[in-house]
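Hi everyone, thanks for coming. Today I'd like to walk you through the empty spaces inside a protein and the place where its ligand sits. Have a look at the picture first, and then we'll go through it together.

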Amino acid sequence: METVVSGIRSTGKLHLGNYYGAVQNFVRMQQEYNCFFFIADYHSLTTHPTPDNLHGNVKQVLVEYLAAGLDPEKATLYIQSEVPEVAELYLFLNMNAYLGELERSTSFKDKVRSQPENVNAGLLTYPVLMAADILIYKATKVPVGKDQEQHLEMARTFGNRFNRLYQNDYFPEPYAFSYAKQLVKIPGLDGKGKMGKSEGEANAVYLADDVETIRKKVMRAVTDSGPSQANQEKPEVIQNLFDLMKVVSSPDTYTHFDELYNNCQIRYGDFKKQLAEDMILATAPIRERIQEIESDTAYLKKVAQLGTEKARASAARTIKEVREIIGFRSL
Ligand code: TYM
């Protein structure tokens with residue numbers, strides 16, 4: 001059976017982008033594959049969280065994984081830092097990851113632009129740690145959103161380079177995966193691109209948002225002055241809202257508003273009201289379960305323990321073999 005790995009950074013609550021880009025695939029894949037899903041808390045250190053925030057966010061993501069339907073009996077659910085073997089593989093892979101290729105990564109260049117005051121080495125080698133997360137379980141499928149595609153390419157590069165260096169077909173090639181025809185990119189509400197945690201509060205709708213907050217955020221979403229010609233192309237701000245509707249609403253609802261737009265009869269107020277209600281409906285079961293699960297500390301602890309044991313057993317096997325291949329042998 002093929003092995004699947006994926007993770008989400010513990011930098012706060014999960015938003016609809018995380019859900020539709022990644023977690024929805026996790027829920028389905030756990031039925032079919034040998035899955036490892038984790039909370040990327042090592043990765044979150046690039047943003048320098050306080051100890052309390054780090055701890056709180058790890059718990060939040062675990063709760064939301066479970067609320068979204070991940071089953072700890074089917075998939076291995078674990079916290080990245082509980083499997084320190086991954087840090088060792090990261091060290092080994094770093095020896096063959098080159099400055100030029102790391103600097104060329106789009107996500108690194110974005111960070112250099114957006115936070116010039118904190119361009120740390122962890123950001124530069126972020127794709128190497130991500131490759132270690134994947135290669136340590138010899139995974140071949142990695143459910144992620146569109147923004148992670150380049151990181152997957154780098155993971156293949158690092159794995160293949162290791163194989164060549166040691167003339168050993170040790171690591172298989174991992175590929176980004178989605179049940180949708182293409183990798184998903186969920187837009188934000190501010191009309192400027194993807195939904196993300198670092199794009200400001202108004203841009204993202206969180207799974208844990210209450211109903212009123214969702215309504216407020218959607219009603220405030222940026223629009224334009226409306227179409228003036230039949231069948232005109234939608235500008236990005238409007239296209240983004242239609243893309244969101246495609247994800248949360250029924251095909252009939254989508255077609256209805258698409259036709260109104262094309263006839264220049266659309267009223268954005270009605271359109272956004274419908275979008276908000278459909279978002280609320282689509283996320284209702286998750287929202288309810290978040291509240292149930294977050295108070296059950298004993299259960300969360302049990303889940304994390306079970307996951308750590310399963311993940312470590314597998315990761316330790318890989319590290320033992322990798323050490324042997326590299327030449328760390330007992331005298
Ligand atoms: P992160 O925490 O930024 O995002 C987690 C997952 O959510 C997806 N995602 C989106 N998908 C569609 N539209 C959006 N607007 C959107 N925003 C986020 C991301 O593509 C991702 O799948 N580097 C990873 C975490 C990670 C990882 C790994 C993933 C660390 N190690 C190993 C896979 C395998 C990250 O920062 O994701």
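**Cavities, a pocket and a ligand**

Let's begin with the enclosed spaces: there are 2 cavities of 30 Å³ or more in this structure. Please keep in mind that we are looking at a predicted model. How do we look for such spaces? Rolling a probe the size of a water molecule over the atoms shows where empty space is left.

The largest cavity holds about 60 Å³ of space. Which residues line the largest cavity? They are F92, L93, N96, F158, R161, F162 and L165. Two helices, α4 (85–94) and α9, each supply at least two residues of this lining, and α9 has the largest share, with 4 residues. By class, the lining splits into 5 nonpolar, 1 polar and 1 charged.

Now the second largest cavity, with about 30 Å³ of space. Its lining is made of F38, Y78, Q80, V83, V86, D133 and Y137. Here too you can sort the residues by class: 5 nonpolar, 1 polar and 1 charged.

On to the largest pocket, which contains about 1300 Å³ of space. In total, 48 residues line the largest pocket, and R9, Y126, D147, Q148 and K194 lie nearest its centre. Which element gives the most to this lining? That is α6, with 6 residues. The classes in the lining are 17 nonpolar, 21 polar and 10 charged.

So where does the ligand sit? You'll find the ligand in the largest pocket. The elements giving two or more residues to the shell around the ligand are β1 (3–9), α1 (16–29), β2 (34–40) and α8 (126–135). There are 27 residues around the ligand, and those that come nearest are R9, Y126, D133, D147 and I186. You may recognise D133 from the lining of the second largest cavity. The shell has 12 nonpolar, 9 polar and 6 charged residues.

Let's zoom in on some atoms. In the side chain of Y126, an N or O atom is 2.5 Å from an oxygen atom of the ligand. At G145 the backbone takes part: one of its N or O atoms lies 2.8 Å from a ligand oxygen. For I186, a polar backbone atom is 2.8 Å from a nitrogen atom of the ligand. How much of the ligand's accessible area does the protein cover? Of the 700 Å² that the ligand has on its own, 98% is covered.

That's my tour, and I'm happy to take questions!

Terms used: Residues numbered from 1 in each chain as written. Predicted model: local features only at pLDDT ≥ 70, side-chain atom pairs only at ≥ 80, totals over all residues. Heavy atoms only, no water. Near = heavy atom within 4 Å. Polar contact = N/O pair within 3.5 Å; in protein donor to acceptor, adjacent residues only side chain to side chain. Areas by Shrake-Rupley, 256 points an atom, 1.4 Å probe, with all protein chains shown as cover. 1 Å grid on protein atoms, 1.4 Å probe; cavity = no way out; pocket = protein on both sides within 12 Å on 5 of 7 lines; lining within 4 Å. Sits in = over half its atoms within 2 Å of the grid points. Nonpolar A, V, L, I, M, F, W, Y, C, P; charged D, E, K, R; others polar. Points joined across faces, edges and corners; volume = space filled by probe spheres on them.
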